Amino acid sequence: MQQEALSFLSSSLPSLHHNFPSLSRLRFNNFPALSFKPNTSSSSSSFFKSPDIPSLSSTTTTTTTTETLESSIHEKLIYLDSLGIDFLTLINRHPPLLSTALSAVESVVDYMTTPPINFTLQDFRRLVSMCPELLTSPLTSHTIPVITFLLREVGVDSIFDLRQALRRRPRLLACSVDHQLRPTLYFLQRIGILDPHKHTYLLSCSVDNKLVPRIDYFEKLGFSRRSATAMFKRFPQLFNYSIAENYEPKLKYLMVEMGRDVREVLEFPQYFSFSLENRIKPRHEACAAKGVRFPLPVMLKTNEAGFRDTLEVHFCNE
């Protein structure tokens, strides 16, 4: 199994990185009023016969509509600015905010910042900066159902815990209950995670694109499906770590540099939560210098002073 795991690690391809171009920064004065300029190069007869020339009434209507749009945008800019929210930054990241009615935005702000939800303005600004969709999602058909789902189906204990969950994972507010949150909840329960209210940050993750591939990865290392799944049941945070940037380098160091059996992570999946450069390598090197070999939990979980004391005691007793 150890050789199989090493072969798999060495053949693993680097993860793909997608670069998403950002929208150019929008400015409020980039919405000029439409104007009508007659084509002076054509004859007067062709000018009056041209079907492309708008009538005075249509031009007036278009101008009025444009002025109304500009006024609406200006009102949203002033309102969000009064809350300390940078409107221009938000529309750069989330253009649908331009066409969202001010009344709809105000309803979301009121709901999230007054009892019973009662976020502070500082917290609300952070939510919006990380999840601008909050301001454009329909309150009654989207945001309130998400809140209700977290409280009733996930079992979040209180409004205080709800605020904590949303502070940790604002993207929950952008997810569909039917297409994202509930299917992920059912998956977590199916693999034995029976306290999902403690792991709400996982509910915004795709089952097919994120959760299942991580279980598959450990199965390809040689673990049985049941054993691999048990790791995630024991330590659900493991789902949050990158395969290429976390699992692979730490497993390679475990097996090649430390000379340990890959199956040690079955009992201690928390191994992946420690920094390779700042905790795993220094602790291993300190043990190697003394000729001491600790179980992974003993080597990594204790604080620095406790580790040094344990190391000296063990070394002196040998």
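The following legends describe close-up views of a predicted model.

**View 1. Members of the largest nonpolar core and the surroundings of Phe 239.** The largest nonpolar core holds 85 residues. Those touching the most other members are Leu 135, Leu 166, Phe 218, Phe 239, Leu 251, Tyr 271 and Phe 272. Around Phe 239, once neighbours within four places in sequence are set aside, the contacts include the aromatic residues Phe 187, Phe 232 and Tyr 247. Leu 188, Ile 191, Ile 193, Leu 202, Leu 211 and Ile 215 are also in contact with Phe 239, as are Lys 210 and Arg 214. In soluble globular proteins, nonpolar side chains tend to be buried together.

**View 2. Tyr 111 in helix H5 and its contacts.** Helix H5 spans residues 102–113 and contains Tyr 111. Tyr 111 has a relative accessible area of 21% and is therefore partly exposed, because the buried class is confined to values under 20%. Beyond neighbours within four places in sequence, Tyr 111 is in contact with Ile 117, Leu 139, Ile 144 and Ile 147. Of these, Ile 144 lies 33 residues from Tyr 111 along the chain, with a separation of 9.0 Å between the two C-alpha atoms.

**View 3. Ser 204 in the loop between helices H9 and H10.** The loop that holds Ser 204 runs between helix H9 (177–190) and helix H10 (207–220). Ser 204 has a relative accessibility of 16% and so counts as buried. Its side chain makes a polar contact of 2.8 Å with the side chain of Arg 169. With neighbours within four places in sequence left aside, the residues in contact with Ser 204 are Arg 169, Leu 172, Cys 175, Gln 180 and Leu 181.

**View 4. The salt bridge between Asp 123 and Arg 167.** The structure holds 13 salt bridges, one of which joins the side chains of Asp 123 and Arg 167 at an N to O distance of 2.9 Å. Asp 123 belongs to helix H6 (residues 121–130) and Arg 167 to helix H8 (residues 159–168), so the pair ties together parts that are 44 residues apart in sequence. Asp 123 counts as buried at 19% relative accessibility, whereas Arg 167 is partly exposed with a relative accessible area of 23%.

**View 5. The salt bridge between Arg 171 and Glu 133.** The closest N and O atoms of Arg 171 and Glu 133 are 2.9 Å apart. Arg 171 is placed in the loop between H8 and H9, and Glu 133 in the loop between H6 and helix H7 (139–152), so this salt bridge ties together parts that are 38 residues apart in sequence. Arg 171 is partly exposed, at a relative accessible area of 35%.

**View 6. A salt-bridge network that includes Arg 182 and Glu 153.** The side chains of Arg 182 and Glu 153 form a salt bridge with an N to O distance of 2.6 Å. This pair links distant parts of the chain, 29 residues apart, with Arg 182 in helix H9 and Glu 153 in the loop between H7 and H8. Through shared partners, salt bridges join Glu 153, Asp 178 and Arg 182 into one network. Glu 153 is partly exposed, at 35% relative accessibility.

**View 7. Packing of helices H7 and H9.** The axes of H7 and H9 are 11 Å apart, and the helices pack at an angle of about 10 degrees. The two helices are therefore roughly parallel to each other, a class reserved for angles under 35 degrees. H7 contributes Pro 145, Val 146 and Phe 149, which meet Val 177, Leu 181, Arg 182 and Leu 185 in H9.

Methods:
Residues numbered from 1 in each chain as written. Predicted model: local features only at pLDDT ≥ 70, side-chain atom pairs only at ≥ 80, totals over all residues. Heavy atoms only, no water. Core = buried A, V, L, I, M, F, W, Y, C linked by side-chain atoms within 4.5 Å. Buried < 20%, exposed > 50% of the residue type's maximum accessible area, 1.4 Å probe, protein only. Contact = heavy atoms within 4.5 Å. Helix = DSSP H or I, 4+ residues; strand = E, 2+ residues; numbered from the N terminus. Polar contact = N/O pair within 3.5 Å; in protein donor to acceptor, adjacent residues only side chain to side chain. Salt bridge = Lys/Arg side-chain N within 4 Å of Asp/Glu carboxyl O. Axes fitted to C-alpha atoms, helices over the stretch in contact; angles between N-to-C directions. Parallel < 35°, antiparallel > 145°, perpendicular 65-115°, else oblique.
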